[in-house]
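Colleague: Before we look at the picture together, could you take me through some of the labels attached to it and tell me what each one rests on?
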Amino acid sequence: MRPILRHALILSGIALLVVAIVIWQFTRPDIAQLSEIAVTGKTPELSAPRPQFFPTMAVAQATGWPSGGKPKAAAGLQVTAFAGGLDHPRWLYRLPNGDILVAETNSPPRNVGGVTGAVMGSLMKKAGAGGDSPNRIVLLRDTDGNGTADQRSVLLSGLNSPFGMALLKGWLYVANTDALVRYPFTPGETKITAKPEKILALAGGGNHWARNVVAAPDGNSLFVSVGSSSNIAENGLEAEGGLYARVGQPDEMAKIGTVAQGARAAILEVNPDTKATRVFAWGLRNPNGMAFEPHSKSLWTVVNERDMLGSDMPPDYLTQVDFGAFYGWPWAYWGGYPDKRVQPEQPGMLEYVKRPDFALGAHVAPLGLAFASDAKLGPGYANGAFIGLHGSWNREPVSGYKVVYVPFGDDGFPAKGAKPRDLLTGFLSADGKALGRPVGVITDASGALLVADDVGNMIWRVSAGK
């Protein structure tokens, strides 16, 4: 072989090796260096971010439960099936007569093409969320009080990726992915035939399709959560609504609190009578579960934080939601740590970032939230919050995939030194498959905890052990 040809082959081989190393460097998964529990509590252990060009993708393969399979309850508790044979049940709501409403729902069609669309589609299918949305609300009734639903009916159908539900003053409010609507409704009815009345248009499209709604304790307002359309506003601030595009414009900043039209990554407050709406809090990347702490009557939420900063950062969280508060997204996380990936930077906003109250772990995907005010699971679960952790898709090893309990103190905040306590586990098999994934959590009329499982297509019931 001629020397020139030999040298050319050697150089080509070196070039290919360099390219392979570069590709491996940018695409290899980021392995967690901290335990899941280390990144929890009021003062979680925070590591330096490890930005990724491609996200770590380690979602557990969804398989569903084998015959007779079920999750494992914490000591002193037992778990049984409240209802099965559902179609992607995600959210739950209890009516005053004890009936349970279940939103059978999934993501609306996503107009995402190319490689991104292919990867997203594959990931959602693996996670058990690749099917069409059933778009309905099912009513479950336990007529004999034995802890199992023995009657069911389709209360509403033809919805648009519904999620949150709330009953207020003779109206059932439903948060579709693109609008808050309401129907006249009296508890006891099993089917609604009335046409919906639109209360508020909600920004749709992009990521984070689920919209939640809860009624204030005084009955005078509703709170609606709207997640961001992107990870860190990489599609431009305008895609997140005029709220974020005004940041950095001195003459416009004073108007931020009133800019609700199209607002995302925010919680909105709605007057159901006048339909007037304002931004209650913002900078919340993807708030889902909302509930009112029973002693202070203050609003709390759980939030899914940003991706592609590594398997350890940043923590998803539980927090009290203060009126007018800014929680940092997209420019900062966990009370003021700047995200240098977001351009242009807004250093002047860092001093206004409110720190969340309690970290739940990195990428655990908290969705469900319910307080223990009427739970009857024993003294160990009398004052605190139940949280459904749907489970990670971008952490190695995976995190979440369970229901946890966060104990609270007498001051209406998580107890000093508290860590999330496992309440319902076993959603992952020994070989790492997702037998189920918990989402919504509520208490039933007897004080047991109901858990929606959108992979197992079940509603589980956790009660005090016998």
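Modeller: Gladly, and please keep in mind that this is a predicted model. Let us begin with Glu240, which sits in the loop between strand S13 (222–226) and helix H3 (242–245).

Colleague: Why is Glu240 said to have no salt bridge?

Modeller: The nearest side chain of opposite charge is that of Arg264, which lies 4.5 Å away, whereas a salt bridge has to be within 4 Å, so the pair does not qualify. Glu240 is nevertheless buried, and the residues that it touches include Ser229, Gly262, Arg264 and Trp329.

Colleague: What makes the approach of the Glu240 side chain to the side chain of Ser230 a polar contact?

Modeller: The two side chains come to 2.7 Å, and since the cut-off for such a pair of N or O atoms is within 3.5 Å, the distance meets it.

Colleague: How do you know that Ser392, in the loop between S23 and strand S24 (402–407), is buried?

Modeller: Its relative accessibility is 1%, and buried means under 20%, so Ser392 counts as buried. Its side chain also reaches the backbone nitrogen of Ser399 at 2.9 Å, and Ser392 touches, among others, Val59, His363, Tyr401 and Arg437. The C-alpha atoms of Ser392 and Ala365 are 6.0 Å apart, although 27 residues separate the two along the chain.

Colleague: Which value lets you call Leu450 buried?

Modeller: Leu450, which is found in strand S27 (residues 449–453), has a relative accessible area of 0%, and as the limit is under 20%, Leu450 is therefore buried. Among the residues touching Leu450 are Phe82, Leu92, Ile100 and Trp460, and the C-alpha atom of Trp460, ten residues away along the chain, is separated from that of Leu450 by 5.6 Å.

Colleague: Why is strand S22 (residues 366–371) described as largely enclosed by the rest of the structure?

Modeller: Six of the six residues of S22 are buried, and so the strand is largely enclosed.

Colleague: And what makes S22 and strand S23 (residues 384–389) a pair?

Modeller: Pairing asks for at least two bridges, and five bridges join S22 to S23, so the two strands pair, running antiparallel. Within this arrangement, Phe371 stands opposite Ala385 in S23.

Colleague: Finally, which residues touch the most other members of the largest nonpolar core?

Modeller: They are Leu180, Leu222, Leu268, Val279 and Trp282, out of the 32 residues in that core. The elements that give two or more residues to this core include S13, H3, strand S14 (266–270) and strand S15 (277–282).

Key: Residues are numbered from 1 along each chain as its sequence is written. This is a predicted model: local features need pLDDT of at least 70, side-chain atom pairs count only at pLDDT 80 or more; totals for chains, interfaces and linings use all residues. Side-chain values use heavy atoms; hydrogens and water are left out. Buried means under 20% relative accessible area, exposed over 50%, partly exposed in between (1.4 Å probe, protein chains only). Helices (H or I, at least four residues) and strands (E, at least two) are DSSP runs, numbered from the N terminus. Lys and Arg count as positive and Asp and Glu as negative; His and the chain ends are not counted. A polar contact is a pair of N or O atoms within 3.5 Å; within protein, one must be able to donate a hydrogen and the other to accept it, and residues adjacent in sequence count only if both atoms are side-chain atoms. Contact means heavy atoms within 4.5 Å. A nonpolar core is a set of buried Ala, Val, Leu, Ile, Met, Phe, Trp, Tyr and Cys residues joined through side-chain atoms within 4.5 Å. Lists of a residue's contacts leave out its neighbours within four places in sequence.
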